Amino acid sequence: MLNCQANIRNLIYLFRVGKWKRKGYIRLNSSECFEYDAFVIYCDSDRQWVHSELLKRLEEIDLKVCVHYRDFDVGESITDNITNYVGKSWKVIVVMSNNFTKSEWCQWELDLVQERRRRHGKEALILIMQSQIDSSHMTNSIRSLLDTTPHLQYQQGLGEDLFWSVITKAVRKPFKDPPTGIL
């Protein structure tokens, strides 16, 4: 009986999606609909690497990247700025490190983008492990995120060109269909 109800609900949902598409509501699959190609979440202690390596590399290839220190609106609350600019960005890049896991702000931002991941699928996030996270700093939510979302490990030197190539392709990659379910 319950399986039949679930199937009926899913059928109704698919019917509604088809109706929405006919009315012009379609899934966004291009960064052209957004002001920024990527929004970067990072801990202030990782600022040097983010500014000198990540931003430099991405902006050299004409990707428009949003970072708080230069793009946020002056006078707006930090939470409103984060919410607004994540919404204006095609993808979200999360630069993870031990310092990231210790920061309450970073944890709050991560919680915010988890919702985006649920709506758009795992391609909405690009996780970069800038430095290995010690087990003593690993939270359950971060462990779960790392277990369910592909992430890249940054290592200077060998394999660095491949790392930057994969980051570039991940930012430009369209979303797949997001996870779907009706309760």
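**View 1. Strand β4 gives the most to the lining of the second largest pocket, with 3 residues.** This is a predicted model, and the pocket shown here has a volume of about 270 Å³. Of its 13 lining residues, E123, L125, P150, A170 and K173 sit closest to the centre. Besides β4 (125-129), the elements that give two or more residues to this lining are β5 (151-153) and α8 (160-172). Sorted by character, the lining splits into 7 nonpolar, 4 charged and 2 polar residues.

**View 2. R57 and E160 tie distant parts of the chain together through a salt bridge.** Their closest N and O atoms are 3.6 Å apart. R57 comes from helix α2 (residues 47-60) and E160 from helix α8, with the two positions 103 residues apart along the chain. The partners aren't equally covered: E160 is buried, since its relative accessible area of 13% falls under the 20% cut-off, whereas R57, at 27%, is partly exposed. Look for E53 here too, as E53, R57 and E160 are linked in a network of salt bridges.

**View 3. E115 and R118 pair up within helix α6 (residues 104-120).** Their side chains meet in a salt bridge, at 3.2 Å from N to O. The two residues are 3 apart in the helix, so about one helical turn separates them. Both ends of the pair are partly exposed: E115 has a relative accessible area of 35%, and R118 has 48%.

**View 4. D44 and R47 form another salt bridge.** Here the N to O distance is 2.7 Å. D44 is partly exposed at 46% relative accessibility, and R47 counts as partly exposed at 38%. For the chain as a whole, the salt bridge count comes to 7.

**View 5. I78, W105 and W108 make a nonpolar patch on the surface.** The patch covers about 290 Å². I78 belongs to helix α4 (residues 78-87) and is partly exposed, with 37% relative accessibility. N84 lies in helix α4 as well, and it also counts as partly exposed, at 37%. The C-alpha atom of N84 is 9.1 Å from that of F72, a residue 12 positions away along the chain.

**View 6. Zooming back out, the chain has 8 helices and 5 strands.** Following the sequence, they come in the order α-β-α-β-α-α-β-α-α-β-α-β-α. Of the 183 residues in the chain, 38% are buried.

Definitions and conventions:
Residues numbered from 1 in each chain as written. Predicted model: local features only at pLDDT ≥ 70, side-chain atom pairs only at ≥ 80, totals over all residues. Heavy atoms only, no water. Patch = residues over 30% accessible without salt bridge, like charges linked within 9 Å, V, L, I, M, F, W, Y side chains within 5 Å. Areas by Shrake-Rupley, 256 points an atom, 1.4 Å probe, with all protein chains shown as cover. Salt bridge = Lys/Arg side-chain N within 4 Å of Asp/Glu carboxyl O. Helix = DSSP H or I, 4+ residues; strand = E, 2+ residues; numbered from the N terminus. Buried < 20%, exposed > 50% of the residue type's maximum accessible area, 1.4 Å probe, protein only. 1 Å grid on protein atoms, 1.4 Å probe; cavity = no way out; pocket = protein on both sides within 12 Å on 5 of 7 lines; lining within 4 Å. Points joined across faces, edges and corners; volume = space filled by probe spheres on them. Nonpolar A, V, L, I, M, F, W, Y, C, P; charged D, E, K, R; others polar.
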